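Colleague: Please take one part of this structure and go through it closely, strand by strand where that helps. I would like one connected account, including what packs against that part and how the rest of the chain relates to it.

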Amino acid sequence: MSSALLLAEPEEATRSFLERHLAQDGFEVVGVENGEALDLLEQVCPDLVLIGDPESLELCRRLRELNREVPVIVLGGQQSDPVDRVRAFDRGCDDYLDRPFHYDELVARIRAVLRRAAPPESERHTAGEIEIDRPTRRVTVCGQRVVLPSKEYELLLKLASDPHRVFTKEELLRDVWGFRAQGRTRTLDSHASRLRRRLSRPDGEAYVRNVWGVGYCLLGD
């Protein structure tokens, strides 16, 4: 599943570099100058905010006043010292990275902060007669084991997270396959069709409903 990042970076070259490479690594990135970050945060709900100097301390403080939940990583200046880092943490940042930084380290820190900030997931999902045990990836229907290939399992897990909700094709392609644009693909439809056949019920009713023109849901009304 991709994560949405708000990148508040005053240096245009750095902002452009990070937007391009983070997108290639599967993140959804919105890059802005620092002064635009607060206005945008009121319109979108990013999973993480990256803040660059020189306004990082004040912006971090104001972000915390506006939204105490979103994790923040500060990209420090060239001449930062321990006092700068302490001040940033005092104002609510979750991590601090000095410049010049190595891109791979930044990505590792982003993923680590996202893991810490993520709400705990239930280890077992139940939807109708379907039971999913996450640690073992074991799926049963009416008590009978069903073996699923990797992508069909991930699709089922996504649908089971809210079994009566209709997920759009765009959501499923993005969250299960990492597609950022739908384009012309039958990947979702073919996997959903195979998953429907595997999750057969004794009464003949089908799981994985195709809602015409919208997407898929696991359970009908």
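**The parallel sheet and its surroundings**

Modeller: In this predicted model, strands β3 and β4 are paired in parallel, with four bridges between them. Within that pairing, Val49 faces Val72 of β4. The pair belongs to an open sheet of five strands, ordered β2-β1-β3-β4-β5, with parallel pairing. β2 and β5 are the edge strands, and each of them pairs on one side only. From one strand to the next, the twist averages 20°.

On the other side of β3 comes β1, in the sheet order given above. β1 and β3 are also parallel, again over four bridges, and Leu5 has Leu48 in β3 as its bridge partner. β1 runs parallel to β2 (residues 28–32) as well, this time with five bridges. Here Leu5 stands opposite Val29. Leu5 therefore has a bridge partner in β3 and another residue opposite in β2. Cover over β1 is extensive in that four of its five residues are buried. Strands in a sheet pair through backbone hydrogen bonds, in either a parallel or an antiparallel sense.

The link from β1 to β2 goes through α1, and the three elements form a right-handed β-α-β unit. Helix α1 lies across β1, β2, β3 and β4, and its direction is at about 170° to that of β2.

A second helix to consider is α5, residues 103–117. Its 15 residues reach 21 Å from the first C-alpha to the last, close to the 21 Å expected at 1.5 Å a residue. The buried residues of α5 are Tyr103, Leu106, Val107, Ile110, Ala112, Val113 and Leu114. An α-helix has 3.6 residues a turn, so residues three or four places apart point the same way. The cover over the buried residues of α5 includes strands β1 (4–8), β3 (48–52), β4 (72–75) and β5 (95–97), together with helix α1 (12–24).

After β3, the loop that leads to α3 (56–66) contains Asp53. Asp53 counts as partly exposed because its relative accessibility is 24%, where buried would mean under 20%. The C-alpha atom of Asp53 is 7.3 Å from that of Pro10, although the two residues are 43 apart along the chain.

For contrast, there is also an open sheet of four strands with antiparallel pairing, in the order β6-β7-β8-β9. Its edges are β6 (124–127) and β9 (144–146); each has a single partner strand, so one side of each lacks a neighbour in the sheet. On average, neighbouring strands there are turned by 25° against each other, direction ignored. Within this sheet, β7 (residues 130–133) and β8 (residues 138–141) are antiparallel partners over four bridges, and Asp133 is bridged to Arg138 of β8. Helix α6 (residues 150–160) packs on the sheet and touches β6, β7 and β8, with its direction at about 110° to that of β7.

As for the whole chain, its secondary structure comes to eight helices and 12 strands. Of its 221 residues, 42% are buried. Among contacts with a separation of 6 or more, 52% are between residues 24 or more positions apart. The chain exposes about 12500 Å², with carbon and sulfur atoms supplying 46% of that area.

Terms used: Residues numbered from 1 in each chain as written. Predicted model: local features only at pLDDT ≥ 70, side-chain atom pairs only at ≥ 80, totals over all residues. Heavy atoms only, no water. Helix = DSSP H or I, 4+ residues; strand = E, 2+ residues; numbered from the N terminus. Expected span 1.5 Å × (residues − 1). Buried < 20%, exposed > 50% of the residue type's maximum accessible area, 1.4 Å probe, protein only. Contact = heavy atoms within 4.5 Å. Pairing = 2+ DSSP bridges. Axes fitted to C-alpha atoms, helices over the stretch in contact; angles between N-to-C directions. Areas by Shrake-Rupley, 256 points an atom, 1.4 Å probe, with all protein chains shown as cover. Right-handed = clockwise from strand over helix to strand, strands pointing away.
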